[in-house]
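User: I would like to go through this model and ask, for each label, what it rests on. Please set each value against its definition as we go.

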Amino acid sequence: TRTTRPQRLLQAVSINAVRGDPDSVIKAIDHFCKHTEWAMNVGDEKGAILDLVVMETCPSTVLELGTYCGYSTVRITRLLPPATKLITVEMNPEYAHVARQVIQHAGLQDKVCVLEGESADLIPKMANMFGIQAFDFVFLDHWKDHYLPDIRLLEDCGLLAQGSVVLADNVVCPGAPDYLNYVRYNLKYSSRFYQAHLEYTRVLDGLERSEYQGD
Ligand SMILES: O=C(NCc1cccc(CNc2ccc3[nH]ncc3c2)c1)c1cc(-c2ccc(F)cc2)cc(O)c1O
Ligand SMILES: [Mg+2]
């Protein structure tokens, strides 16, 4: 096929979503994934849990690892007050290019920085790049075997502070067993599981919310 799935998803957004309206972008992507083609967005069921956790956290600094087409980026950023910034990391250049256009269609481009590259390379540079101390909220949705090394790297770089919330997608499907074991049995975290389903399916999945207790 000439086009890729992210390009077909972007086309559905540009045709069906109202420019500058994040909720219509979210609805257009969910409709596309339910009726036309499955894609690995966090989706509407887990997305509603993501919304609640973001709203109760009221973050001023947000990091997302794994942008894909920007669905969760739009979900999170639409809930943030004007002064806040969201940094999202995507190592696949084609995903990043589509995500920037989805985010722009939602009218949220001024609140989002899409960084192209690997989390392990970029995390150590973020404090200097953005003049931040710690992230109030982190959403993990990239390669599942990178969740554990990356949360440890965030700790080592001093980018987590007491009260920082880390929310991880797909802790059941595809799964992140080593990550779960770490955040659930480590006194530095207070962890809680939100049972749900894999986006747009009846397969079991869930999100893990882990609050950093400080050093
Ligand atoms: O694997 C997943 N997502 C991650 C992912 C996947 C592919 C490429 C990238 C490239 N992006 C990337 C990589 C490394 C990176 N380092 N720093 C940034 C960064 C960015 C990322 C995933 C899979 C399923 C799933 C699939 C099939 C199935 F049957 C059930 C479930 C459902 C999900 O919700 C998922 O999130
Ligand atoms: Mg995911």
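User: What spacing do the donors of the magnesium ion (ligand 2) follow along the chain?

Analyst: The donors of the magnesium ion (ligand 2) follow the spacing D-x27-D-N. This is a predicted model, in which local features need pLDDT of at least 70 and side-chain atom pairs count only at pLDDT 80 or more, while totals for chains, interfaces and linings use all residues. Residues are numbered from 1 along each chain as its sequence is written, chains are lettered from A and ligands numbered from 1 in the order in which they are written, and side-chain values use heavy atoms, with hydrogens and water left out.

User: What makes Asp141, Asp169 and Asn170 donors of the magnesium ion (ligand 2)?

Analyst: Donors are N, O and S atoms within 2.8 Å of the metal (3.2 Å for Na, K and Ca). Asp141 (OD), Asp169 (OD) and Asn170 (OD1) coordinate the ion at 2.0 to 2.2 Å, so they qualify. Because water is not among the atoms, sites may look incomplete.

User: Why is aspartate 169 called buried?

Analyst: Buried means under 20% relative accessible area, exposed over 50%, and partly exposed in between (1.4 Å probe, protein chains only). Aspartate 169 has a relative accessible area of 0%, and is therefore buried. This residue is found in the loop between β5 and α8.

User: What makes the pair formed by the side chains of aspartate 169 and asparagine 170 a polar contact?

Analyst: A polar contact is a pair of N or O atoms within 3.5 Å; within protein, one must be able to donate a hydrogen and the other to accept it, and residues adjacent in sequence count only if both atoms are side-chain atoms. The contact between aspartate 169 and asparagine 170 is from side chain to side chain, at 3.3 Å, and so meets that definition.

User: Why is serine 164 called buried, and which backbone oxygen does its side chain reach?

Analyst: Serine 164 has a relative accessible area of 3%, and so is buried. Its side chain reaches the backbone oxygen of phenylalanine 135 at 2.7 Å.

User: Which side chains have an N or O atom at 2.8 Å from a nitrogen atom of ligand 1, or at 2.9 Å or 2.5 Å from an oxygen atom of ligand 1?

Analyst: For the nitrogen atom at 2.8 Å, the side chain is that of glutamate 90. For the oxygen atoms, lysine 144 lies at 2.9 Å and glutamate 199 at 2.5 Å.

Technical notes. Helix = DSSP H or I, 4+ residues; strand = E, 2+ residues; numbered from the N terminus.
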